[in-house]
Amino acid sequence: MTHANALPTIDDILSAAERLAPVAVRTPLISSAKLDELTGGRVFLKPEPLQRTGSFKFRGAYNRISRLGAEQRVGGVVACSSGNHAQGVAAAATLMGMPSVIVMPKDAPAMKKARTIAFGGEVVEYDRETDDRDAIAGAIARERGAVFVPPYDDFYIIAGQGTVGLEIAQDLAAQGLAPDVVIANASGGGLVSGIALAVKDRFPEARVMTAEPAGFDDHARSFRSGGRERNNRVSGSICDALMAATPGKLTFEISSRIVGEGVSATDEEVARAVAFAFEELKIVVEPGGAVALAAVLAGKVDLAGKTAAIVLSGGNVDATVFARCLAAA
């Protein structure tokens, strides 16, 4: 692998799609008459909760891990994650016959820890407030000869996540439609940067936007300032999947150029979106996977007369959190 600081192109996303075809789910584009009525637009949703391991993260993880050489596979892989990347890495490594160790925060949802273990991963816990997860992962990598699989700032990870955008572009084009707006949830930015590369290759005029939890809108602030801004907190939102402190270096190099705008949603708005997805779409979406939908339902993006695609990025939510979202809506 010689792509440490290179940026992927549409050809790399097409290569990832070919590699993922036998193992990943090509999630459909779905629509909702209710959502069209509420927005005045034609809105499609990309339901990645239906993806293997319950989120888009499997795409990037498999694309990265499947490209390791035989000598790199011996020690397995190590990753840091609050849950979705953890499950994607564990499942991808198991498919490749490799061991995996995942460094997870102690306050990560219990269901995400349990499913990471069920997919074949070994979980090592850390404290978000006091521990350095990268140092812990680095020590494990050295001790075991394992390869570190980053959650977002990696050539093959970004290309893998870009297959979400590739499928959106292909499926809309097959209906004779062109997206005016595509909105994706952002944490480190691997998903939105990959999506932007794919969508704008096919539809250069489309706007691609980030959606983030209120108070953790580092992408939106970074777009405004022109530099990578940091969040003041590392926790404090129900959107546990979107807690990266700052946009990735590689991902922001892409998104600052071809995304450049973002919206946010409060926990209350996110809870309503989780409930809407369940009641209207019959899909279970985790809070972090519902922020883009939340921003749209809260009227923060004008979709009147527009064709839009919203990414529901994951569905790995504890039953208690899910119940609270439904009760709060």
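This section covers the cysteines and the two largest pockets of a predicted model. Residues are numbered from 1 along each chain as its sequence is written, and side-chain values use heavy atoms, without hydrogens or water. Local features need pLDDT of at least 70 and side-chain atom pairs pLDDT 80 or more, while totals for chains, interfaces and linings use all residues.

A search of the whole structure found 0 disulfides (a disulfide is a pair of cysteine sulfur atoms within 2.5 Å). For Cys325, the closest cysteine sulfur belongs to Cys239; it lies 8.4 Å away, too far for a bond. Cys325 is buried, at 4% relative accessible area (buried means under 20%, with a 1.4 Å probe and protein chains only). Cys80 is also buried, at 1%.

Pockets were sought on a 1 Å grid over the protein atoms alone; a pocket is an open set of points where a 1.4 Å probe fits, with protein on both sides within 12 Å along at least five of seven lines. Lining residues have an atom within 4 Å of a point. Volume is the space filled by probe spheres set on the points, which are joined across faces, edges and corners.

The largest pocket has a volume of about 870 Å³. Its lining comprises 42 residues, with Arg133, Tyr152, Met243, Ala244 and Ala245 nearest the centre. Helices (DSSP runs of H or I, at least four residues, numbered from the N terminus) that give two or more residues to this lining are helix 5 (84-95), helix 7 (133-144), helix 8 (155-174) and helix 9 (190-202).

The second largest pocket holds about 190 Å³. Of its 15 lining residues, Asp107, Pro109, Ser237, Ile238 and Asp240 are closest to the centre.

Technical notes. Buried means under 20% relative accessible area, exposed over 50%, partly exposed in between (1.4 Å probe, protein chains only).
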